Amino acid sequence: MVGVGELLVSVLVPAYKAEAFIGPCLRSVLDQSYPNLEIVVLDDCSPDATFEVAVESLRGVPNATVRRHDVNLGHRDTFRQLLATARGSLVKFVCNDDLLAPHAISRLAGALIAHPEAGIATSRRTPIDASGAALPVDHLPQPPCSADSLVDGMAAGNDLLCGQRNWIGEPTTVLFRRELLPLDGVYEIGGRAPARNIDVVWWLKILAQGRLAVINEHLSSFRLHTDQISRTTSRAELVLAWQDIILGARNLGFLAEADQEILAWAAFAQTLQANVDTFDEADRHRSLEVIRSVAARLGELCPA
């Protein structure tokens, strides 16, 4: 059996306009107790000193690389290029404003090494504000486990879809097997291409191929601040993307039972209803079309 520390873990850091956060982020990576890491930072042509701070933070660190796009290409291309460079059999994205606990990678990698049938490992995480102060934990959905657990992948995916809450976590929270997320169609799921919530797409694709290891410990800190991508993205795009996620996940074998699919569509409709007043006119019109589609599907699932 492979021992903890023998497998190379690729720590991939997408960076953009994070000069205030990238230094602490990279220090938390350098403080990891796991001994076998490669660190790759890719700056998406930041207009501030993000690139320079990253270079200085990793100066002299073996197996660490900092690169920069000549023009801004967006977070999707940055994530994809980082994944293409990963040499490790295990991958850990770390977003440029987040932090890792010193033993985060050791615990997550240890779970995957101990359980070859698991393709992905996650943990609890702590929300923090721009200054690094902890926020109430209810700002983030947490895993529904009271102890370290090994969960069936399809069951975990169904639970996420039926509750429409990403309790598996953001990219910083998760570690996964590189082979389970091929570059071809990396932003697609079951023939659909959701506009947003790409981390959910990735977790579902991996969960369809294996089990989920859950560590019942807070191993990362997720920073909530006004400039992060999830705060600047259209709320309509974030909400409406779940339609494609549900349809694509169903094509992968999730929501196989009618009652499961009904719960997923009900959660989607509830979220849509709660947010539609914040949409612009075009997105409200699109929402009406989506509602008609959902209603038609529910009619198929619940015939009179």
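## A first look at the chain

The mean positions of the 27 positive and 37 negative charges of the chain lie 1 Å apart. That is one way into this structure, which is a predicted model.

Let us turn to the overall build. The chain has 10 helices and 9 strands. Its radius of gyration is 19 Å, close to the 19 Å that the globule rule gives for 304 residues, so the chain is as compact as a globular protein of that length. Along the principal axes, the C-alpha atoms fill a box of roughly 70 × 45 × 40 Å.

How do the contacts run along the sequence? Taking contacts between residues at least 6 apart in sequence, 81% join residues at least 24 apart.

Next comes the surface. The accessible surface of the chain is about 13,300 Å², and carbon and sulfur atoms account for 52% of it. Of the 304 residues in the chain, 50% are buried.

Two helices are good places to see burial up close:

| Helix | Residues | Buried residues |
|---|---|---|
| Helix 4 | 104–114 | 9 of the 11 residues |
| Helix 6 | 198–207 | 10 of its 10 residues |

With 9 of its 11 residues buried, helix 4 is largely enclosed by the rest of the structure. Its buried residues include Ala104, Ile105, Leu108 and Ile113, and Gly110 is also among them.

Helix 6 is mostly covered. Which residues of helix 6 are buried? Among them are Trp202 and Trp203, along with Asp199 and Lys205. Ile198 and Leu207 are buried in helix 6 too.

Technical notes. Residues are numbered from 1 along each chain as its sequence is written. This is a predicted model: local features need pLDDT of at least 70, side-chain atom pairs count only at pLDDT 80 or more; totals for chains, interfaces and linings use all residues. Side-chain values use heavy atoms; hydrogens and water are left out. Helices (H or I, at least four residues) and strands (E, at least two) are DSSP runs, numbered from the N terminus. The radius of gyration is taken over C-alpha atoms; the globule rule is 2.2 Å times the number of residues to the power 0.38. Buried means under 20% relative accessible area, exposed over 50%, partly exposed in between (1.4 Å probe, protein chains only). Contact means heavy atoms within 4.5 Å. Accessible areas come from the Shrake-Rupley method with a 1.4 Å probe; for residues, only the protein chains shown count as cover. Lys and Arg count as positive and Asp and Glu as negative; His and the chain ends are not counted. The place of a charge is taken as NZ of Lys, CZ of Arg, CG of Asp or CD of Glu.
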